Amino acid sequence: MLELVDVGPRSLEAYRGIAPDPILDDLVRHAADLRGARVLHVNATPYGGGVSELLRSSVPILNDLGLIAHWKIILGDNRFFRVTKKIHNGLQGAVDDLTEKEREAYLDTSRRNAELLEEEYDFVFLHDPQPAGILSLREKRMAKWIWRCHIDTAQPNPGVWAFLRDCLRPFDAAVFTMASFIPPDFPIARVEIMPPAIDPLSPKNMPLADATARAVLEWIGVELDRPLVSQVSRFDPWKDPLGVIAAYRLAREEIPDLQLALVGSMALDDPEGWDVYRQVRDAALADPGIHVFTNLTGVGNIEVNAFQRRSQVVIQKSIREGFGLVVSEALWKETPVVAGDAGGIPLQMADGVGGVLVRDVETCARAVVALLEDRDRARALAQAGRDRVREHFLLPRLLLNELELMQELSAGRRVVAAKERDPVCGMSVAADEEAPEAAFEGATYRFCSDFCRAQFLRNPPHYARRVLRTDRGSRRD
Ligand code: UDP
């Protein structure tokens, strides 16, 4: 059997008064149809990175809603995870193709995991490329299989994509964070768009008394009478930690006592993390204003919570990004964000809320300084960011999207009509909600934000076709 990750019990009712009530009510209603359904989520690591973050919170709530949900992780050695990181990088556009030996290593480990996946389920979600090879190496049996892609695969390396594409053919559905991430010649008929979400009740995001947050940070050496900016993310080149250090050095010319904290987790499935960690540590070595922390030295959820709460600005200078949960995490705590204009980040900071989007080191440094110098503007941006997170990026909304997909896959019908969803990000936009609109070929489309509307207007046929396609069920044109 694959290894089961133990998760504690949770209650959906605990989200009353935090997440929007209509979403919670819908969730309970949809779950009634799926009571007793067996759901399996499979990924590569029980800690480190956004996927484990999501599963730790969502699996217990599915159980609370009456489904039987499990979270399991695949087995793999260092060689396998070096290959899967190369696949991950290739899907995000890196130039290195896979060698024949690397392809064999991926398929060998996938075969072993396919044999270990013994129990029967109604729905199996395989997250990201690491477990994606399993289905092509075993029977589907009674389950509906869903590939959940969390990364930006809009412009993949052709060789890496051709390899993974073959593994994906047998899936019943795929889920992406944004419509623009769907790679060319996608082989799965049914495609849904669901941005991820944060859990407002997890230790990382729950309210934390100011005195506790202060004590936690002071205990690890942060001086709270000096200004602090931080980036919390895996040590990964796409998150550009060296660019953050360069931006910090520029910003410090204006604000000499500025401190930077780089908080990075090491994940089981990310051996490249150590190489990047060493580069970051070397770059930070001679600079007492830079603090580098990892989960391996005890900087866990509460510390991350405190950093995101007590930093004057949170940075997420990603060059490529699937979603970047850390952006919503910081905004939820009303901390302004300076972030790379990449992947799912602009969706979270749509219409100018939350902070400032940047494309290079210089603009990053300038934005940090500007927010540090204009606290009123920073506060207003962060508050608007929190409102957007509450409306769109809290866990119950994501669970609702997932239940809808499961219902459709089991009954062959849509639950939320496509016309009630933003065609760009896939989020529901209630009929009675004031929302930006656009007309195309006689139909009116509604959006969660002006950002999504602008995306739509860049290429209406692309998005409108998607709506029609999902309306028609599993047919693809
Ligand atoms: N994270 C953490 N400790 C760290 C670095 C990251 O707990 O030292 C968490 C972070 O708070 C977030 C997740 O890991 O919940 C990263 O998710 P994100 O979507 O931002 O990026 P990913 O790692 O999935 O690319």
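**Entry 1: a loop residue to start with**

I began in the loop between H10 and E12, where Glu334 sits. This is a predicted model, and I kept that in mind for every entry. What drew me to Glu334 is its phi, which is positive at near 60° in a residue other than glycine. Most residues other than glycine have a negative phi, so such a value is worth a stop. Glu334 follows helix H10. Is Glu334 buried, exposed or partly exposed? I counted 17 other C-beta atoms within 10 Å, so Glu334 is partly exposed, given that buried takes 20 or more and exposed 12 or fewer.

**Entry 2: another positive phi**

I then looked up Asp185, which is not a glycine and yet has a positive phi of about 50°. Asp185 is found in the loop between E6 and E7. With 8 other C-beta atoms within 10 Å, Asp185 is exposed.

**Entry 3: helix H10**

Back to H10, the helix that comes before Glu334. How many of its residues are buried? I found eight of eight, so I noted H10 as mostly covered, with 20 or more other C-beta atoms within 10 Å as the mark of a buried residue. The buried set runs Leu325, Val326, Val327, Ser328, Glu329, Ala330, Leu331 and Trp332. Charged Glu329 is on that list too.

I followed the chain on both sides of H10. It crosses from E11 through H10 to E12, and this β-α-β crossover is right-handed. Strand E11 (residues 313-316) and strand E12 (residues 337-340) are parallel, with three bridges between them. Gln316 has Ala339 in E12 as its bridge partner. E12 also pairs with strand E13 (residues 355-358), again parallel, through four bridges. There I saw Val338 standing opposite Val356 in E13.

**Entry 4: around the ligand**

Next I turned to the ligand. Which residues come nearest to it? Of the 18 around the ligand, they are Gly49, Gly50, Glu53, Ser265 and Leu325. I had already met Leu325 among the buried residues of H10.

Helix H2 (50-64), strand E9 (259-264) and helix H10 (325-332) each supply at least two residues of the shell. H10 has the largest share, with three residues. I sorted the shell by class and got six nonpolar, eight polar and four charged residues.

**Entry 5: two domains**

The protein is divided into domain 1 (3-193) and domain 2 (210-392). Where does the ligand lie with respect to them? Both domains give residues to its shell, so the ligand lies between them. The centres of the two domains, taken over C-alpha atoms, are 27 Å apart.

I also looked at where the domains touch: 21 residues of domain 1 are in contact with 20 residues of domain 2. On the domain 1 side, H2 and helix H3 (78-91) are the elements that give two or more residues. H3 gives the most, with five residues. By class, this side of domain 1 holds six nonpolar, 11 polar and four charged residues. H2 thus turns up in my notes both at the ligand and at the contact between the domains.

**Entry 6: the seven-stranded sheet**

I then traced an open sheet of seven strands, in the order E1-E3-E2-E4-E5-E6-E7, with mixed pairing. Which strands are at the edges? They are strand E1 (3-4) and strand E7 (190-193), each pairing on one side only. E1 runs antiparallel to strand E3 (residues 68-73), and two bridges join them. Leu4 has Lys72 in E3 as its bridge partner.

**Entry 7: strand E5**

My last stop was E5 (residues 144-148), which stands between E4 and E6 in the order of the sheet. In a regular strand the side chains alternate between the two faces of the sheet. I checked both faces of E5 and found them covered: Lys144, Ile146 and Arg148 are buried on one side, Trp145 and Trp147 on the other. That makes five of its five residues buried.

As for its neighbours, strand E4 (residues 123-127) runs parallel to E5, joined by five bridges. Leu126 has Trp147 as its bridge partner there. E5 also pairs in the parallel sense with strand E6 (residues 173-176), over three bridges, and Arg148 stands opposite Val175. With helix H5 (residues 158-168), E5 and E6 make a right-handed β-α-β unit.

Note on methods: Residues are numbered from 1 along each chain as its sequence is written. This is a predicted model: local features need pLDDT of at least 70, side-chain atom pairs count only at pLDDT 80 or more; totals for chains, interfaces and linings use all residues. A residue is near a molecule or strand if its C-beta atom, placed from the backbone, lies within 6 Å of it. Domain bounds come from an automatic or database domain assignment. Two residues are in contact if their C-beta atoms, placed from the backbone, lie within 7 Å. Two strands pair if DSSP finds at least two bridges between them. A crossover is right-handed if, with the strands pointing away from the viewer, the path from the first strand over the helix to the second runs clockwise.
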